[in-house]
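Hi everyone, thanks for making time for this. I'll walk you through one structure, piece by piece, so have it open and follow along.

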Amino acid sequence: MNNEANVSRRAAELRARLNRAAHQYYTLDAPELPDAEYDRLFRELQAIEAEHPALRTPDSPTQRVGGAVLDTLAPVRHAVPMLSIRTETDTSPQGAATFDQRVRDYLASEQRRTLLKLDDERHRSQPLGPAAQAVLAGAPIDYVAEPKFDGLAMSLRYEHGVLVQAATRGDGETGEDVTHNIRTIGQIPLRLVAPTLAAARAALPPEGAGFALGRPGGETAAGVPPLLEVRGEVYMRRDDFERLNEVMRQRMAAGDKAAKTFVNPRNTAAGAVRQLDAALAAERRLSFFAYGLGEVTAPADGGPRFDTHWAVLQALKSWGFPVSALARQARGASELIAFHADVAAQRDALPFDIDGVVYKVDSLELQRELGFVTREPRWAVAHKYPAQEELTTVQAIDVQVGRTGKLTPVAKLAPVFVGGVTVTNATLHNELEARRKDVRVGDTVVVRRAGDVIPEVVSVLPDQRPPGTAEFTMPASCPVCGSAVVREEGEADHRCTGGLFCPAQRKQALLHFASRKAMDIEGLGDKLVEQLVDGNVVRSLPDLYRMGLVSLSALDRMAEKSAQNLLDALKRSKDTTLSRFLFALGIRHVGEATAKDLARHFGTLDALMDATPKQLAQVSDVGPVVAESVHAFFAEPHNREVVEQLRAAGVHWSEAAPTPGATLPLAGQTVVLTGTLPTLTREQAQALLEAAGAKVAGSVSKKTSYVIAGAEAGSKLDKARALGVPVLDEAGLQALLAGGA
């Protein structure tokens with residue numbers, strides 16, 4: 001027994017020593033152990049864990065790489081949504097002053113509402129706080145300015161100081177579980193430390209010219225909260241990217257047909273994070289910067305209390321996370337402008353890619369006062385640098401056919417490196433835009449990655465145009481199916497009239513139908529859809545549900561297990577919601593939000609299909625154009641036939657009988673779901689609530705009408721009780737939907 005205790009103690013000592021050494025090496029860039037000594041201690045720990053498997057803990061350095069290869073990435077619903085940040089349209093330094101003025105203007109407008117006592121309960125009962133009042137009196141606003149990393153947003157969840165889950169941003173509400181890959185990143189601690197406040201301050205970056213450090217406003221807590229979600233960016237350093245490509249070139253030279261070089265660090269990092277095999281992710285040597293928090297234990301329950309965002313960064317640094325040394329406090333617009341220029345001057349010399357900087361109001365009191373607009377915080381903005389532009393030549397102009405039949409001219413370019421990627425295609429948008437810019441085959445053009453994402457032709461150099469070029473014209477027939485091409489009056493776009501019979505539209509329609517926010521058919525990707533359409537296995541959407549194991553297994557690179565996994569995914573997708581089904585049909589102008597509004601208003605698909613344009617226009621946020629588009633879609637016999645065949649194939653959802661002219665029972669109510677309900681999934685419960693007119697929110701506030709709590713409900717339940725918000729179980733939810741609560 002004594003020997004077992006000694007072995008356990010030694011394993012704990014080795015874990016602590018190795019984790020400390022990794023933190024010194026990866027995060028602080030101050031290694032304290034020679035590589036040989038680290039390797040010796042690592043091998044000793046491996047041997048102990050092999051002989052005593054019970055001593056292997058989740059935070060052991062031996063668990064960073066390895067384990068079983070996953071079949072798929074599991075979905076993770078974010079307790080606190082990972083919201084996007086607004087992008088400042090002015091890429092000049094003056095964009096910083098524009099943001100500062102916008103913050104001031106909003107605070108001033110809030111003050112006017114308060115003083116005039118307009119019909120706004122929140123601002124009558126909660127006048128502006130001292131920080132906002134100081135700004136309105138003329139005081140400069142304190143900000144935190146940070147680099148805008150060109151990587152992949154990540155949420156790390158720690159429970160009692162141990163990393164238990166890592167998830168991608170996904171759509172902001174739901175991401176993917178990539179814990180197995182995140183464990184391979186040496187900069188990310190598997191177990192957190194709890195140093196003193198002095199140690200936290202010592203770890204901060206030095207003061208920069210013109211920037212004050214440690215201005216008053218919030219002290220960090222020395223301890224680690226029981227529940228902590230850290231938000232940050234996974235990225236790949238430029239030298240690691242070059243090293244990886246050199247290895248790939250060597251493999252290619254040795255005849256490895258699976259080896260390939262990578263285009264840019266950002267896409268390589270994103271691909272590595274989503275690998276199913278952690279060993280492959282480890283080969284790419286990813287890095288991490290922390291910049292914020294998600295869900296955290298409330299101060300009353302042992303969590304930290306912060307007054308400023310700068311204090312949050314201090315705490316992150318103190319807990320062992322890497323925080324960018326470029327992050328600075330900046331007072332007022334002038335210091336934001338100085339930061340923008342300072343980072344721009346360093347950009348090319350940085351060891352990693354950035355595409356701009358981010359400004360955040362430092363005071364958390366002011367952040368709460370500023371709030372959000374359309375799920376974007378008013379208190380933060382991404383200020384990008386001007387897009388990089390390069391010259392190249394147009395080798396051809398092809399016409400692509402999209403999911404809705406839209407024809408888009410695309411310039412085929414001589415390869416050129418722009419904004420971190422090699423560009424060979426650039427959109428010309430439509431015939432009118434192509435003619436306006438007068439882009440012709442053979443032209444020398446200026447190419448830009450608009451928003452650092454979509455390559456586009458900015459302009460033509462006419463003095464370098466070769467003789468004999470011809471003006472671009474849209475073809476009269478679809479280049480894919482030969483159907484007639486038309487341009488509707490008042491529209492700039494040309495469209496193929498082939499509908500789902502056009503293979504190009506068929507492929508895109510299938511991909512849209514299978515997408516996560518639609519029918520969520522896992523495994524139905526581009527290459528498989530291409531095979532299914534080109535091989536005439538699938539001619540329309542219902543054919544998906546008629547496929548069998550034999551026909552799928554016969555496809556190229558489709559083993560029996562993969563085929564069965566797809567069939568299982570198709571079976572699961574049959575149980576859906578009306579809003580998802582409507583969105584999946586790909587009706588023009590009907591996005592995810594509009595599909596939900598239509599489903600909520602009509603209750604049943606039959607009622608929606610038989611609705612007139614006038615009835616459709618009565619739906620919230622549905623105007624004449626959308627109403628006419630929906631009516632025209634269901635007036636087409638072929639589309640109705642597709643719907644009926646999908647129903648016959650077993651696609652189903654819960655429906656509520658329409659009650660024309662009646663007010664929905666939960667209209668105007670805000671409901672929050674937490675925990676696991678006995679019989680309903682989160683998605684099913686949300687669909688029922690939305691069908692009854694309720695808004696389903698992700699967080700609890702004083703404006704929350706009800707909280708529906710199931711097993712293992714967390715902090716949302718605690719907050720609801722603290723605020724006096726009514727809490728219901730699943731039976732209470734059913735009673736609420738029935739009008740009995």
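I'll go through two sheets, a cavity, a helix and a couple of single residues. Keep in mind that this is a predicted model.

Let's start with the sheet around strand E2. Four strands make up this open sheet, in the order E8-E2-E9-E12, and the pairing is antiparallel. Which strands sit at the edges? Those are E8, residues 328-331, and E12, residues 380-384, and each of them pairs on one side only. From one strand to the next, the twist averages 30°. For anyone new to sheets: the strands pair through backbone hydrogen bonds, and the pairing can be parallel or antiparallel.

Now zoom in on E2 itself, which covers residues 142-149. With E9, residues 354-361, E2 forms an antiparallel pair over 7 bridges. You can check two spots there: Glu 146 stands opposite Val 358, and Pro 147 has Val 357 as its bridge partner. E2 also pairs with E8, again in the antiparallel sense, this time over 4 bridges. In that pair, look for Ala 145 opposite Arg 328.

Is E2 mostly covered or mostly open? Mostly covered: 7 of its 8 residues are buried. Two helices lie across this sheet. Helix H11, residues 309-318, lies across E2, E8 and E9, and runs at about 50° to E2. Helix H12, residues 332-346, lies across E2, E8, E9 and E12, and its angle to E8 is about 140°.

Staying with E2, let's turn to empty space. To find it, you roll a probe the size of a water molecule over the atoms, and that shows where space is left. How many cavities of 30 Å³ or more does the structure hold? There are 3. The largest cavity has about 40 Å³ of space. Its lining is made of Glu 146, Pro 147, Phe 149, Ala 290, Tyr 291, Leu 313, Val 323, Ser 324 and Ala 327. Two elements give two or more residues to that lining, strand E2 and strand E7, the latter being residues 287-296. Which element gives the most? That's E2, with 3 residues. Sort the lining by class and you get 7 nonpolar residues, 1 polar and 1 charged. And Glu 146, which we just met opposite Val 358 in E9, is one of the lining residues.

Okay, second sheet. Here 4 strands form an open sheet too, in the order E21-E20-E22-E23, and the pairing is parallel. The edges are E21, residues 695-697, and E23, residues 727-728, each pairing on one side only. Inside the sheet, E20, residues 670-674, and E22, residues 706-709, form a parallel pair over 4 bridges. If you want a place to look, find Leu 673, whose bridge partner in E22 is Ile 708.

This sheet has helices lying across it as well. H25, residues 682-691, lies across E20 and E21 and runs at about 170° to E20. H26, residues 715-723, lies across E20, E22 and E23, at about 135° to E20.

H25 takes us to another helix, H20. H20 covers residues 592-602, and its buried residues are Thr 594, Ala 595, Asp 597, Leu 598, Ala 599, Arg 600 and Phe 602. What do those buried residues pack against? Helices H19, H21, H22 and H23, along with H25. Right after H20 comes Gly 603, with a positive phi of about 80°.

Last stop: two single residues. Thr 408 is in strand E14, residues 406-418. Does Thr 408 count as buried or exposed? Buried, because its relative accessibility is 17% and the cut-off for buried is under 20%. Leaving out residues up to four places away in sequence, Thr 408 touches Asp 398, Val 399, Gln 400, Thr 427 and His 429.

The other one is Glu 433, in helix H14, residues 431-437. Glu 433 has 19% relative accessibility, so this residue counts as buried too. How far is Glu 433 from Pro 409? They are 24 residues apart in sequence, and 9.5 Å apart in space, going from C-alpha to C-alpha.

That's the tour, so let's open it up for discussion.

Definitions and conventions. Residues are numbered from 1 along each chain as its sequence is written. This is a predicted model: local features need pLDDT of at least 70, side-chain atom pairs count only at pLDDT 80 or more; totals for chains, interfaces and linings use all residues. Side-chain values use heavy atoms; hydrogens and water are left out. Buried means under 20% relative accessible area, exposed over 50%, partly exposed in between (1.4 Å probe, protein chains only). Contact means heavy atoms within 4.5 Å. On a 1 Å grid over the protein atoms alone, a cavity is a set of points where a 1.4 Å probe fits but cannot get out, and a pocket is an open set with protein on both sides within 12 Å along at least five of seven lines; lining residues have an atom within 4 Å of a point. Grid points are joined across faces, edges and corners, and a volume is the space filled by probe spheres set on the points. Ala, Val, Leu, Ile, Met, Phe, Trp, Tyr, Cys and Pro count as nonpolar, Asp, Glu, Lys and Arg as charged, and the others, Gly among them, as polar. Two strands pair if DSSP finds at least two bridges between them. Axes are lines fitted to C-alpha atoms, for helices over the stretch in contact, and angles run from 0 to 180 degrees between N-to-C directions.
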